[in-house]
Amino acid sequence: MVQRNTWQRDRVREALAESRGFVSAQNLHATLREENTGIGLATVYRALAGLAAQGDADSLQSPEGEALYRACSTSGHHHHLICRNCGLTVEIAATDVEQWAQRTASQHGFTHAEHVVDIFGLCAACTQARASERADG
Ligand SMILES: [Zn+2]
Ligand SMILES: [Zn+2]
Ligand SMILES: [Zn+2]
């Protein structure tokens, strides 16, 4: 029974790898539907949650509270810069943040501290496009 859905999960994994940035389950489902894969939204949700749980995908929450997923090239701890317009994602190391998080946690007597820090904004291309739109308008 588990094996029956393996190809679906593989297809979700592939579609995620082909995405250029973080995508929601609904976005990915729309992509798969265009390809007539017949994979349902619930299956996409399950597959993405499974990939994230296994560490095969990064997951985070958008400022709007939507769960987003990405197949990251970095498997270790890292942070993201995400364009809220086009979805472009840059993986970043943040040494300052690591030190600040450790220091702040230990100041309050916390151990085993973990953190999630992702930056949402407009990428350079989108900023430029928006600026020229305004100039034309
Ligand atoms: Zn990542
Ligand atoms: Zn952008
Ligand atoms: Zn960090």
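Okay, before I list anything: when I say helix or strand today, I mean a DSSP run, at least four residues for a helix and at least two for a strand, numbered from the N terminus. With that in hand, reading from the N terminus, the elements of this protein go α-β-α-α-β-β-β-β-α-β-α. That comes to five helices and six strands. And keep in mind that what you're looking at is a predicted model.

So how spread out is the thing? The radius of gyration is 18 Å, and the globule rule gives 14 Å for 137 residues, so this protein sits well over the rule and is more spread out than a compact globule. If you lay the C-alpha trace along its principal axes, you get a span of about 50 × 50 × 25 Å. Buried residues make up 16% of the 137. And if you take the contacts with a separation of 6 or more, 51% of them join residues 24 or more positions apart.

Let's go to the first helix, H1, which covers residues 6–18. Here's a little check you can do yourselves. There are 13 residues, and at 1.5 Å a residue they should span 18 Å; the end C-alpha atoms are 18 Å apart, so that agrees.

Now, which residues of H1 are buried? They're Val-12, Ala-15 and Leu-16. These cover an arc of only 100 degrees around the axis, which means they're on the same side of H1. If you're wondering about the spacing, an α-helix has 3.6 residues a turn, so residues three or four places apart point the same way.

What does that buried set pack against? Two helices, H2 (25–34) and H3 (41–53), plus strand E3 (67–70). Turn to the face pointing away from the buried side, and you find exposed residues: Thr-6, Trp-7, Asp-10, Glu-14, Ala-17 and Glu-18.

Last stop, the sheet. Three strands make an open sheet, in the order E5-E4-E6, with mixed pairing. E5 (89–92) and E6 (118–121) are at the edges with a single partner strand each, so one side of each has no neighbour in the sheet. Going from one strand to the next, the twist averages 15 degrees.

How do E4 and E6 pair? Strand E4, residues 79–83, runs parallel to E6, and the two are joined over four bridges. If you want a spot to click on, find Cys-83, which stands opposite Gly-121 in E6.

Okay, that's my tour. Over to you.

How values were computed
Residues are numbered from 1 along each chain as its sequence is written. Chains are lettered from A and ligands numbered from 1 in the order in which they are written. This is a predicted model: local features need pLDDT of at least 70, side-chain atom pairs count only at pLDDT 80 or more; totals for chains, interfaces and linings use all residues. Two strands pair if DSSP finds at least two bridges between them. Axes are lines fitted to C-alpha atoms, for helices over the stretch in contact, and angles run from 0 to 180 degrees between N-to-C directions. The radius of gyration is taken over C-alpha atoms; the globule rule is 2.2 Å times the number of residues to the power 0.38. A residue is buried if 20 or more other C-beta atoms lie within 10 Å of its own, exposed if 12 or fewer, and partly exposed in between; C-beta atoms are placed from the backbone. Two residues are in contact if their C-beta atoms, placed from the backbone, lie within 7 Å. The expected span of a helix is 1.5 Å times one less than its number of residues. The arc is that of the directions from the helix axis to the C-beta atoms.
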